[in-house]
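This report covers the strand pairing and one surface region of a single model. Please read it alongside the sequence and coordinates.

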Amino acid sequence: MGKDVPHKRRKVVRKNPKSDDIYLRLLVKLYKFLHRRTGSKFNGIIRKRLCMSNTNRPPLSLARLARNMKLPQRSGKIAVVVGPITDDKRLYKVPKMTVCALRCTANARARIVRAGGEIITFDELALRSPKGLNTVLLQGPRKSRESEKHFGLAPGVPHSHSKPLVRSKGRKFEMGRGRRKSRGFKV
């Protein structure tokens, strides 16, 4: 009799990015090599994040970056972000810092450079810090996408904090759903 083999044991991990961008693929090749030859965990994390999808490489705002780098033990270290850095108008004064990122918006780049900081690429980072010493790995908030607000328990169900997909806000549109019979159901 045959053995019933569980087919859902395998965990799918990306080895290469889905993108055909040759520069991104070169970076993956570089950090794969560095991880293998240095044994540094930092390089392995960078390689893994370079292969991630766009939703798993969320943008990091300049304000959040400045807040994370403000700590006294992080002064003089390189902030490493595998993703884009965006400008934040709410931040009045940008501190001087060295940032390594995949991408940087024009305004964010201008403000960092104006503050006396610098933005480097991942190949420059590999030359400066091959083992990831004196660096701070940062990530943008993954769950801050608009679509994430609609995930979870159905809207209107007890203990649900999901946002309903409603055409517009008003008296006739899902007002009191779950609270009265005339609007769908009453709990």
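The basis of the model comes first, then the sheet, then the surface.

## Basis

This is a predicted model, in which local features need pLDDT of at least 70, side-chain atom pairs count only at pLDDT 80 or more, and totals for chains, interfaces and linings use all residues. Residues are numbered from 1 along each chain as its sequence is written, and side-chain values use heavy atoms, with hydrogens and water left out.

## Strand E2 and its partners

Strand E2 spans residues 78-86 (strands are DSSP runs of at least two residues, helices H or I runs of at least four, numbered from the N terminus). Of its 9 residues, 8 are buried (under 20% relative accessible area, 1.4 Å probe, protein chains only), so E2 is largely enclosed by the rest of the structure.

E2 pairs (at least two DSSP bridges) in the parallel sense with strand E1, residues 60-61, over 2 bridges. Ser61 has Thr86 in E2 as its bridge partner. Strand E3 (residues 98-104) runs parallel to E2 and is joined to it by 6 bridges; Ala79 is partnered there by Val99. With strand E5 (residues 135-138), E2 forms 4 bridges, again parallel, and Ile78 stands opposite Thr135.

## Surface patch on helix H1

Tyr23 lies in helix H1, residues 22-38. Tyr23 counts as exposed (over 50%) because its relative accessibility is 59%.

Ile22, Tyr23 and Leu26 form a nonpolar surface patch with about 360 Å² of accessible area together (Shrake-Rupley method, 1.4 Å probe, only the protein chains shown counting as cover). Patch residues have over 30% relative accessible area and no salt bridge (a side-chain nitrogen of Lys or Arg within 4 Å of a carboxyl oxygen of Asp or Glu), with nonpolar side chains (Val, Leu, Ile, Met, Phe, Trp, Tyr) joined within 5 Å and like charges within 9 Å.
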